[in-house]
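Me: I am new to this structure and should like a close look at a single part of it. Please describe how two neighbouring domains meet, and add whatever is helpful for orientation.

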Amino acid sequence: ECISGCVCPEGLFDDGKGGCVEEKDCPCIHNNQWYSPGQKITVNCNTCTCQKGVWSCTEDVCYGTCMIYGSGHYITFDGKFYDFDGRCEYVATQDFCGDKNSSGSFSIITENVPCGTTGVTCSKAIKMFLGKTELKLENKDYKEIQRDIGDDVHYWNRTVGLYLVIEASNGVMLIWDKKTTVFIKLTPDYKGKVCGLCGNFDDKSNNDFTTRSGLQETNALKFGNSWKQSSMCSDVTEEIKPCDVKPHRKSWAEKECSIIWSKVFKICHSKVDPIPFYEACVHDACSCDSGGDCECFCSAVAAYAQECTKAQACVFWRTPDICPIFCDYYN
C-alpha cells in the first residue's frame, strides 16, 4: 500500500490514508485493518511484524486442526469447508493410508446418528484408536478398551472448560465438547500422511476430497461414502435440506442465526468468512426439531466464534439469554 507517487514530495511515500511518510513509517494492512510499523500480529502459530510497509513473519510449522460439528459440517486440516451427512461410522482421520499393509499409529472414527425428524445426522459417538488402546466417547463420557494387537501409545485426558481433551504421545489431540463438536489436532509430522474426511493435511485444500482408494473426487457425497467403515450402511445419495422439509422453522432459524451477521461479530467478519457458518447454522437450527434445537443453534454459533478466536478476533457473544454458560459451575 505504501507507494511513492505523484502525490508526495520526493523521498516520501503515500501511506494510503491521505498522508506522506518516510519509508520506515509505512503502515501494513491485514484483513482490511491498518497496522503501524513495529506492530505484531499472530497468524496461526507465527508472529508477523510490520516493517517498512511489509510483513516479516516467522516460519514455524503449525499444528493442523480439523473441525467436525453439528449435522455433518466439516472444516479439513487444510481449511476446506463442506457438508456430508450420512448414517454410519466414518473415518475422520487416520495415518493408515496408501497400501493395505501400511502401518499407522492412530485412527479416529466418527459415528453419526439422526438428530431430529428431518433425516439429518449429528456426530454423537467418537472412537479413537491409539495403538492397542480404543477410547469410546459418547453420552458425555468416555471409556477405555484394551485390545490385543498394536503398540503402546500413552495418552492423557483433562477437562478444559466445556471440553474434554485427550492428548496422545504420538502427536494426536482430540477436543470434544461432549455434544456434537469435535476438534482433531495433529502435529506437523503428519503433514501429507493422513487420510479420511478431514483431508490429507498437505496445505492444499483442492485435493482434500481424496477417496479411500486414492482417487480425487469433486463430489462431497462420493468422497464421504468412500470413508464409511461398514459396507452394510447405505450410501448417501442426496443432500438433505431440512429448511425445505420443515419450512415453518426456517424464519426462526434465520432470525436466531443472524447473530453471526450482527455487530457482535463485526470484528471477525473481515477475518473469517461468515457465510458458510451462517448457512450451517440455519441448516442445523431447522433440523433439530425433536428437542435440543437451542443446543444445535448454540453449537453452530460457537463454531464460528471458535474460528474467530483462532483469527485473533475475540468475540463475547454469549449472554444470559443467548446460549449462557454457568461459569461458576465449571469453575
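Reply: The following account turns to the domains, then to one contact between them, and lastly to a set of strands elsewhere in the chain.

This is a predicted model, in which local features need pLDDT of at least 70 and side-chain atom pairs count only at pLDDT 80 or more, while totals for chains, interfaces and linings use all residues. Residues are numbered from 1 along each chain as its sequence is written, and side-chain values use heavy atoms, with hydrogens and water left out.

The protein chain is divided into domain 1 (13-57), domain 2 (64-226) and domain 3 (242-311), with bounds that come from an automatic or database domain assignment. Between domain 2 and domain 3, the C-alpha centres lie 23 Å apart. Their contact (heavy atoms within 4.5 Å) takes 19 residues from domain 2 and 20 residues from domain 3.

The area buried between domain 2 and domain 3 is about 1400 Å², and carbon and sulfur atoms give 63% of that area. Buried area is the accessible area (1.4 Å probe) that two parts lose on being put together, summed over both. Of the area that domain 2 buries against domain 3, Tyr69, Phe81 and Thr118 supply 30%, more than any other three residues.

The count of salt bridges between domain 2 and domain 3 is zero; such a bridge is a side-chain nitrogen of Lys or Arg within 4 Å of a carboxyl oxygen of Asp or Glu. Three residue pairs, both members at pLDDT 80 or more, are in polar contact between domain 2 and domain 3. A polar contact is a pair of N or O atoms within 3.5 Å; within protein, one must be able to donate a hydrogen and the other to accept it, and residues adjacent in sequence count only if both atoms are side-chain atoms.

On the side of domain 2 that touches domain 3, the elements giving two or more residues are strand S8 (64-69) and strand S9 (73-75). Strands are DSSP runs (E, at least two residues), numbered from the N terminus. S8 gives the largest share of that side, three residues.

Elsewhere, strand S5 (residues 40-43) runs antiparallel to strand S6 (residues 46-51), joined by four bridges; two strands pair if DSSP finds at least two bridges between them. Thr42 stands opposite Thr47 in S6. In the hairpin of S5 and S6, two residues lie between the strands, and Asn44 in the turn has a positive phi of about 55°. Four bridges also join S6 to the antiparallel strand S7 (residues 54-57), where Cys57 is the bridge partner of Cys48.
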